[in-house]
Amino acid sequence: MTGAGLRDLVIVGAGGFARETAQAVRDANAEDVAHGRTPRWRLAGHLDDAPRLHGRDVYGVPVLGGSDLVGDLPEARVVVCVGSPRDYAVRARLVRRLGLPEHRFATVVHPTASVSRSSVLGAGTVLLAHCVLTAAVRVGSHVAVMPQAVLTHDDVVEDFATIASGVRLGGGVRVERGAYVGAGALVREYTTVGGWSLTGMGSTVLADVPPGEVWAGSPARRLREAESPALEELRAEGKESGRRPETRMGSEVV
């Protein structure tokens with residue numbers, strides 16, 4: 001990364017996840033400076049579709065306008081940081097609407113995260129503070145991995161999944177496309193968490209979670225169907241059960 005020069009980065013979203021990502025970028029830049037390297041990124045601002053935020057600063061970072069302004073910033077790299085348990089499909093919808101080529105998306109890794117050399121990350125993915133990827137972990141594109149999550153050997157996390165803070169995945173787990181694994185959940189080794197499902201916080205997952213369902217408890221059990229935004233994504237995809245995640249390293253990593 002030394003000598004690569006400062007490059008603009010815009011964060012789509014201005015909520016909690018976006019602010020955490022902005023802090024990760026600041027921390028990565030500070031780490032570069034501490035080691036005598038040129039920081040890679042200039043944090044140009046947030047783009048958010050809530051008009052009330054336009055023109056405001058969020059923790060010192062300006063909200064430049066709506067997400068459509070990304071077209072006016074052709075040289076900037078982009079990371080999409082939206083979503084919550086209430087609508088965890090919004091990140092996929094927004095990435096699809098932006099229609100950007102893969103090379104426009106940055107991958108942000110907090111300097112305290114531990115990523116093994118045998119692990120790979122896709123474009124647009126964010127790893128926050130103190131995450132651990134132990135060995136041969138494959139993480140797809142536009143994945144959110146929150147603080148202190150641990151992904152162990154041979155785990156596969158597909159595109160648009162969310163791994164909330166404190167999650168522990170046993171070896172060989174597959175988290176399918178768009179799934180949301182809630183804070184503090186424990187997932188047994190060689191278990192599959194189905195696409196666009198939601199696993200409740202603090203759950204202990206001992207069996208496969210079917211696509212498009214909400215599971216919670218210890219041991220986790222089915223509560224109900226997922227909310228309509230997630231089910232719409234699942235139906236649109238036709239649930240390609242053998243789908244592989246995007247794990248190319250074509251994006252630029254912070």
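This passage describes strands, helices and selected residues of a predicted model.

The first part of the chain considered here is built around strand β1 (residues 7–12), helix α1 (residues 16–34) and strand β2 (residues 41–47), which together make a right-handed β-α-β unit. Strands β1 and β2 run parallel and are joined by six bridges, and in this pairing V12 is placed opposite L47 of β2. Strand β2 also pairs in the parallel sense with strand β4 (residues 61–65), here over two bridges, and L47 stands opposite G65 of β4. L47 thus has V12 opposite it in one pairing and G65 opposite it in the other. Because six of the seven residues of β2 are buried, this strand is largely enclosed by the rest of the structure.

Helix α1, which links the two strands of this unit, has 19 residues, and at 1.5 Å a residue these should span 27 Å; the C-alpha atoms at the ends of the helix are 27 Å apart, in agreement with that expectation. The buried residues of α1 are F17, A18, T21, A22, A24, V25, A28, N29 and D32. Around the axis they cover an arc of only 155°, which means that they lie on the same side of α1. V33 and A34, by contrast, are exposed on the other side of the helix. Just after α1, G36 adopts a positive phi of about 75°.

In helix α2 (residues 90–98), the buried residues are R91, A92, L94, V95 and L98. When α2 is viewed down its axis, these buried residues fall within an arc of 165°, so they line one face of the helix. The elements against which the buried residues of α2 pack are β1, α1, β5 (77–80), β12 (144–145), β15 (162–163) and α3 (228–237), so that two members of the β-α-β unit, β1 and α1, are among the packing partners of this helix. G99 follows α2 and has a positive phi, near 65°.

Further along the chain, T107 is located in strand β6 (residues 106–109). T107 is buried, with a relative accessible area of 0%, and its side chain takes part in polar contacts with the backbone. The side chain of T107 reaches the backbone oxygen of G122 at 2.9 Å, while a polar atom of the T107 side chain lies 3.4 Å from the backbone nitrogen of G124.

A separate description applies to an open sheet of five strands, in which the order is β8-β11-β14-β17-β20 and the pairing is parallel. The edges of this sheet are formed by β8 (120–121) and β20 (192–193), and because each has a single partner strand, one side of each is left without a neighbour in the sheet. At the β20 edge, strand β17 (residues 174–175) pairs with β20 in the parallel sense over two bridges, and R174 has T192 of β20 as its bridge partner.

Finally, R224 is found in strand β24 (residues 220–225) and is partly exposed, with a relative accessible area of 39%. The side chains of R224 and E227 are joined by a polar contact of 3.2 Å. When neighbours within four places in sequence are left aside, R224 is in contact with E213 and V214. R224 and H54, which are 170 residues apart in sequence, are 38 Å apart in space, C-alpha to C-alpha.

Note on methods:
Residues numbered from 1 in each chain as written. Predicted model: local features only at pLDDT ≥ 70, side-chain atom pairs only at ≥ 80, totals over all residues. Heavy atoms only, no water. Buried < 20%, exposed > 50% of the residue type's maximum accessible area, 1.4 Å probe, protein only. Helix = DSSP H or I, 4+ residues; strand = E, 2+ residues; numbered from the N terminus. Pairing = 2+ DSSP bridges. Right-handed = clockwise from strand over helix to strand, strands pointing away. Polar contact = N/O pair within 3.5 Å; in protein donor to acceptor, adjacent residues only side chain to side chain. Expected span 1.5 Å × (residues − 1). Arc of directions from axis to C-beta. Contact = heavy atoms within 4.5 Å.
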